[in-house]
Amino acid sequence: MAFILIIASLVFLWIVSLCKVLLLPRIPFGNHFTHNNGRAFRKRNALLVIAHPDDESMFFTPTINFLTSKGHNVQILCLSIGDADGKGNIRKQELFQACVALKVPMQQVKIVNHPDLQDGFGKVWSHNLLAKIIEEEITRCCIDMIITFDSHGVSGHCNHRDVHYGVCKLLHDTLQRDIEVWELVSTNILRKYSGPVDIWLSIFLAMLHTNGTMQCLVNEHSRRALLQWPNIQASGCGSASFL
């Protein structure tokens with residue numbers, strides 16, 4: 001009997017959490033993330049820096065949807081074609097298709113195919129080279145916000161981590177402008193596969209950072225993401241922290 005009650009409680013919690021994810025976008029959220037440290041609202045030019053085609057869908061869908069729904073300008077810089085299995089050209093097209101679903105214009109998506117930035121575990125990417133490429137894109141697109149991976153890279157992929165350190169190299173050594181950098185917070189395996197239940201912990205952790213350096217962003221178009229599968233994945237929520 002006790003076991004049945006536990007299972008029923010978990011199912012109830014999962015359903016309530018799913019409803020929370022679906023309804024939360026109606027509530028004002030993430031103000032610090034786009035209001036430039038409390039100042040008046042202005043349109044941001046955000047650059048999403050990723051390692052492979054599909055990173056935008058697997059990890060950053062809530063962030064992209066949040067920004068585009070608020071009228072911000074999103075640029076995507078993908079630093080490889082994801083050719084580890086010889087399917088780079090296919091993955092490039094899938095990235096463009098996903099960006100159509102995510103309402104990011106194709107002319108605002110750049111994919112790099114540099115010989116020293118090839119997809120694969122064990123492939124070491126030069127942080128100096130990454131910083132140079134990212135800086136060029138920032139200058140070209142007048143970027144004032146960067147969004148990328150944290151030091152764990154969400155999935156632990158070495159290319160994701162190198163992108164993080166490339167941004168850090170740019171931020172700490174060469175960048176001479178007023179720009180915000182946000183990173184996607186990696187979670188442990190229990191949180192990663194807890195589905196919508198994780199929304200409660202994500203909200204709580206964001207609330208602990210009263211200075212706005214951590215934000216919980218919810219996919220404002222969860223239903224649309226489900227309908228557009230497999231073009232994009234139906235990510236529920238994610239936490240971004242200020243780097």
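This is a short guided tour of the structure above, one selection at a time.

**Before you start**

The model is predicted, so local features are described only where pLDDT is at least 70 and side-chain atom pairs count only at pLDDT 80 or more, while totals for chains, interfaces and linings use all residues. Residues are numbered from 1 along each chain as its sequence is written, and side-chain values use heavy atoms, with hydrogens and water left out.

**Stop 1: the whole chain**

Show the chain as a cartoon. You will find eleven helices and seven strands; these are DSSP runs, with helices being H or I over at least four residues and strands being E over at least two, numbered from the N terminus. Of the 243 residues, 48% are buried. Here buried means under 20% relative accessible area, exposed means over 50%, and partly exposed is in between, using a 1.4 Å probe and protein chains only.

Now switch on the surface. The chain exposes about 12300 Å², and carbon and sulfur atoms supply 60% of that area. The area comes from the Shrake-Rupley method with a 1.4 Å probe; for residues, only the protein chains shown count as cover.

How does the chain touch itself? Of the contacts between residues at least 6 apart in sequence, 79% join residues at least 24 apart. A contact means heavy atoms within 4.5 Å.

**Stop 2: H160**

Select H160, in helix α8 (residues 158-174). Is H160 buried or exposed? With 2% relative accessibility, H160 counts as buried. Show its side chain together with that of H52: the two make a polar contact at 3.4 Å. A polar contact is a pair of N or O atoms within 3.5 Å; within protein, one must be able to donate a hydrogen and the other to accept it, and residues adjacent in sequence count only if both atoms are side-chain atoms. Next, add G153, whose backbone oxygen lies 2.9 Å from a polar atom of the H160 side chain. Leaving aside neighbours within four places in sequence, the residues in contact with H160 also include A51, D55, F59, F149 and S155.

**Stop 3: helix α6**

Move to E135, in helix α6 (residues 127-141). E135 counts as partly exposed, at 30% relative accessibility. Not counting residues up to four places away in sequence, E135 touches L170 and T174. You can also draw a distance from E135 to L171: their C-alpha atoms are separated by 9.4 Å, although the two are 36 residues apart along the chain.

Stay in this helix and select R140 and E137. Their side chains meet in a salt bridge (2.5 Å, N to O). A salt bridge is a side-chain nitrogen of Lys or Arg within 4 Å of a carboxyl oxygen of Asp or Glu. R140 and E137 are three residues apart in helix α6, which means they are separated by about one helical turn. An α-helix has 3.6 residues a turn, so residues three or four places apart point the same way. E137 is buried, with a relative accessible area of 1%.

**Stop 4: more salt bridges**

How many salt bridges are there by this rule? The count comes to eight. Select D144 and R44, whose side chains meet in one of them (3.5 Å, N to O). D144 sits in the loop between α6 and β4 (145-149) and R44 in the loop between α2 (31-34) and β1 (45-50), so the pair ties together parts that are 100 residues apart in sequence. Both residues, D144 and R44, are buried. Add E180 to your selection to see a network of salt bridges linking R44, D144 and E180.

For another pair, pick D198 and R191, which meet at 2.6 Å, N to O. D198 and R191 are buried too.

**Stop 5: α4 and a cavity**

Select α4 (61-69). This helix is mostly covered, with seven of its nine residues buried. Among them are T61, P62, N65 and F66. Just after α4, look for G71, which takes a positive phi of about 90°.

Which residues line the second largest cavity? Select A46, L48, T63, I64, L67, V74 and I147 to see its lining. α4 gives the most to that lining, with three residues. About 40 Å³ of space lies inside.

Key. On a 1 Å grid over the protein atoms alone, a cavity is a set of points where a 1.4 Å probe fits but cannot get out, and a pocket is an open set with protein on both sides within 12 Å along at least five of seven lines; lining residues have an atom within 4 Å of a point. Grid points are joined across faces, edges and corners, and a volume is the space filled by probe spheres set on the points.
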